[in-house]
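Here is a quick walk through a few spots in this model. Have the viewer open as you read.

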Amino acid sequence: MLKRLAEVLRGMGHRIIDRIWRLGSGARFFLYTLIYSGESFRRIHLTIREIYFTGVMSLLIILVSAFFVGMVLALQGYNTLQKYGSSEAIGVLVALSLVRELGPVVTALLFAGRAGTAITAEIGLMKTTEQLSAMEMMAVSPIARVVAPRFWAGVVSMPLLAALFSMVGVLGGYIVAVPVIGVDNGAFWSQMQANVDFQADIVNGVIKSVVFGVACTMIALFEGFDAPPTAEGVSRATTRTVVNSSLAVLGLDFILTSFMIVT
Amino acid sequence: MERTTMDLWVGIFAVAGAAALFGLALKVGNLTSSSVGETYTVTAAFENIGGLKPRAPVKSAGVVVGRVDNIQFDSKTFEANVTLKVDKRYPFPKDTFANIYTAGLLGEQYVGLEAGGDEQSLKDGDKISHTQDAVVLEKMISQFLYNKASESGDSKKAE
């Protein structure tokens, strides 16, 4: 009985220490990425290539989901707002929820699924097929050559994608609210402009998306870099990327929001 | 370095993202209306500002003419010093009234300016001396109840 208990405790302790170990090596990895960034900027075409694969290729899913999110928000909002006779406020509802929360958060979640998994799988496979070791043999730092361009591509792409998400979402809301439901066009935009603040809402949304960009890309890169060099290891790392990025995004969102709302 | 179609796509992506941000700032946000350009600052002291917040609108005749910049408590007079930024295009006379109103029954509070009849206009850094506090609902209700009670007391005496 005691032996079983000790075993369970030992297992728990082992797992916790393992997590802390990984966190520490993740932080060291992040630091190395920043240090080697300068080197990777000298070959900027690598970063541009990665922006193409992470940012441009994610455009379609981001824009389509943004459009539908905006339309659904307008429909749902109208349903409740018209009970209180203030269906014009639908523009404010759609714009604020998109710019403050849904834009950065949903973009980050989709980004983790669309681009994060690709990054993890690619780097994991590079490690499995010993391409990374080959680079080291040729005195090319894999962090400067492979990791840093992907990192900066993610950090640059995320705010752009989030801004596009919010804008297209507002357009989706507009299409449902004004031509379909028949809310007054002027009231829709003017109430939105009166209540959405540039500093407090839009800039804070951009700050959020930059933070999410750093978190999502870093998690994806580290999971790929740290993956056991087997087929199973890479598949597990890919799963962990999605799970960890989503949790990190939602947790960070709460922390950032509580900083931003309390002024 | 030769140019590739990939560069073109990345360029389009960057331009679209920047345009979306710009569109958000101008069409969705209040960048156009908040940065009205030149403003002048006037202060007003209120005994009670209710729920007035910084960045609340300053309206005159229902038109937004400025914003509340800053609210501070003056520990000498025990009043709230409210700093208002008013658009330079709208000069107001020196004896302008500053009132705190509520938009609708439960809406946000704003500062209403009612122009007086003075020849001279308010300058940067001036103080508005005529102010009216925010209406506090609890105070009004208690006053109303108090009046009712004293009324009924009077009518009993008269009997």
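A:Thr257 belongs to helix α9 of chain A, which covers residues 231-261. Keep in mind that what you're looking at is a predicted model. So is A:Thr257 buried or exposed? It falls in between: A:Thr257 counts as partly exposed because 15 other C-beta atoms lie within 10 Å, and a buried residue would need 20 or more while an exposed one would have 12 or fewer. In sequence, A:Thr257 and A:Glu101 are 156 residues apart, yet their C-alpha atoms are separated by 8.7 Å.

**Two helices in chain A**

Staying in chain A, have a look at helix α6 (residues 142-181) and helix α8 (residues 198-226). Their axes come within 8 Å and cross at roughly 145 degrees. The crossing of α6(A) with α8(A) is right-handed. On the α6(A) side, the contact includes A:Val147, A:Phe151, A:Gly154, A:Met158 and A:Ala162. From α8(A), the residues taking part include A:Val206, A:Val210, A:Gly213, A:Met218 and A:Phe225. What kinds of residues make up the contact of α6(A) with α8(A)? They split into 15 nonpolar, 7 polar and 1 charged.

**Where chain B touches chain A**

Next up is the contact of the two chains. Chain B puts in 21 residues and chain A puts in 24 residues. On the chain B side, the elements giving two or more residues are α1 (5-28) and α2 (31-34). Which of the elements supplies the largest share of that side? It's α1(B), with 14 residues. By type, the chain B side that touches chain A breaks down into 13 nonpolar, 6 polar and 2 charged residues.

**Strand pairs in chain B**

Chain B also has some strand pairing to look at, and β2(B), residues 57-60, takes part in both pairs listed here.

| Strand pair | Sense | Bridges | Residues standing opposite |
|---|---|---|---|
| β2(B) and β3(B) (residues 63-74) | antiparallel | 4 bridges | B:Ser60 and B:Val63 |
| β2(B) and β6(B) (residues 109-114) | parallel | 2 bridges | B:Val58 and B:Val111 |

β2(B) and β3(B) form a hairpin, with 2 residues between the strands. In that hairpin, B:Ala61 takes a positive phi near 55 degrees. If you want to find the pairings on screen, start from B:Ser60, which faces B:Val63 in β3(B), then go to B:Val58, which faces B:Val111 in β6(B).

Technical notes:
Residues numbered from 1 in each chain as written. Chains lettered and ligands numbered in written order. Predicted model: local features only at pLDDT ≥ 70, side-chain atom pairs only at ≥ 80, totals over all residues. Axes fitted to C-alpha atoms, helices over the stretch in contact; angles between N-to-C directions. Left-handed = near helix turned anticlockwise from the far one by under 90°. Contact = placed C-beta atoms within 7 Å. Nonpolar A, V, L, I, M, F, W, Y, C, P; charged D, E, K, R; others polar. Pairing = 2+ DSSP bridges.
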